[in-house]
Amino acid sequence: MGLKQSTSLRIVVMLLGAWCVLLLAGALPWGGVEAVYRGGLVRVLGGGAGVLCLWAAWTMSAGHRLRMVLGIVLLFFAVAGVGVLLCYGQESLRYADMGGAMWFGAVGMGCLAMVGLLFSVIFGYLAHLSLRVDQLWLAVAHLSIAMVVAGAFVDVCAEQRFSVVRYVGETRPTQGKKMDSPMPFEVEVKSLQVERHESAGVYNLLEHRVGRWTPIAAAVKQGERIRCGKEEWNVADLRVLPGGQGRCFMLPGEPVRVLVQQSGPVKEYRAVCRFVPVRKRDEEREETLRVNEPATWRDWRIYLMSCSPDARQVQLLLRRAPGRMLVFAGLVGVLLCSFARLFRNELTKTA
């Protein structure tokens, strides 16, 4: 039995080592290729890892497979209770902030949140009783890893993503219009706000020579005045450039010169978007998009990628990943089972 376990561990280590090499090959800053992640060899290694996890779960649950299935069902209800607690607890706090008559809604949402808490406690305890047999928590953890792999394969095969560019304030009709992607909705950008960090007070003096602007000197801000050699100007005389890209001041006299303040780096993008459904039975909705804070429309996620320098165009990424829930559920299962397994080991050592 020891030789069999040693051989299996060797195979697993070799498989994981090959997978890590491919992941590094795709992630290296120099020469890295993103397509490596979707290559055939990564799929083969991922499928092999998933099959090994299923085999390990089947082996470790020998004689207790019915208890393992029951424990998985109970664990699902316990996790669902946590989701109910977070969702309705947040709504309860939101209604409480409104005050007045909304306190009745806050109390109702709080009661629903307590129901979710009871679900988590009761079904979590029952799941602990069902999976307290040796190796069952570890078997469910391997099943969770296989679920993550399955979700990743679903995304590789069925994922849809589209990069679209929209003008700020542009209205796009949906009825009788051929969509530029097979989506059940259209996206309109109503407004865009670009926040920048405060500029460090860098000013340049430019002169118009041979049909173009050429920097000739750097100016320094001193209080409410800007000085360049013997010349000085008021900060209040500068006017904002179109698109918010800094400020400038056209100096009188010849040759033609302009004083330009360099704009600070971008701090945040905020785009207010309206989702217009193609089908009339669906309702329109508005969401505020930020970088790394996507919005969700049904099973689509909309990401704000960038905007043009003049803040008139916005680039969006629309992504539909059917395997996202499988991956999320698998990751939650791995975390819970790992914690429960370690906690049980500590209790056993203490006893």
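## Exercises on strand β9 and a helix pair

In this predicted model, strand β3 (residues 202–209) pairs with β9 in the antiparallel sense, and the pairing runs over 5 bridges.

**Exercise 1.** Determine which strands pair with β9, and name a residue pair for each pairing.

*Solution.* Begin with β3, whose antiparallel pairing with β9 comprises 5 bridges; within it, Asn204 has Val260 of β9 as its bridge partner. Turn next to strand β8 (residues 247–251), which also pairs with β9 in the antiparallel sense over 5 bridges, and where Met250 stands opposite Val258 of β9. Finally, follow the hairpin that joins β8 and β9: 5 residues lie between the strands, and Gly253 takes a positive phi near 95°.

**Exercise 2.** Decide whether the two faces of β9 are covered or open, and explain what follows for the strand.

*Solution.* Take one side, with Arg257, Leu259 and Gln261, and then the other, with Val258 and Val260; every one of these residues is buried, and both faces are thus covered. Buried here means under 20% relative accessible area. Because 5 of the 5 residues of β9 (residues 257–261) are buried, the strand is largely enclosed by the rest of the structure.

**Exercise 3.** Describe how helix α3 (residues 65–98) packs against helix α4 (residues 102–130).

*Solution.* First take the geometry: the helices pack at an angle of about 160°, and their axes are 7 Å apart. Since angles over 145 degrees count as roughly antiparallel, α3 and α4 are therefore roughly antiparallel to each other. The crossing in which α3 passes α4 is left-handed. Last, consider composition: the residues of this contact divide into 25 nonpolar, 10 polar and 2 charged.

Terms used
Residues are numbered from 1 along each chain as its sequence is written. This is a predicted model: local features need pLDDT of at least 70, side-chain atom pairs count only at pLDDT 80 or more; totals for chains, interfaces and linings use all residues. Side-chain values use heavy atoms; hydrogens and water are left out. Buried means under 20% relative accessible area, exposed over 50%, partly exposed in between (1.4 Å probe, protein chains only). Helices (H or I, at least four residues) and strands (E, at least two) are DSSP runs, numbered from the N terminus. Two strands pair if DSSP finds at least two bridges between them. Axes are lines fitted to C-alpha atoms, for helices over the stretch in contact, and angles run from 0 to 180 degrees between N-to-C directions. Angles under 35 degrees count as roughly parallel, over 145 as roughly antiparallel, 65 to 115 as roughly perpendicular and the rest as oblique. A crossing is left-handed if the near helix is turned anticlockwise from the far one by less than a right angle, and right-handed if clockwise. Ala, Val, Leu, Ile, Met, Phe, Trp, Tyr, Cys and Pro count as nonpolar, Asp, Glu, Lys and Arg as charged, and the others, Gly among them, as polar.
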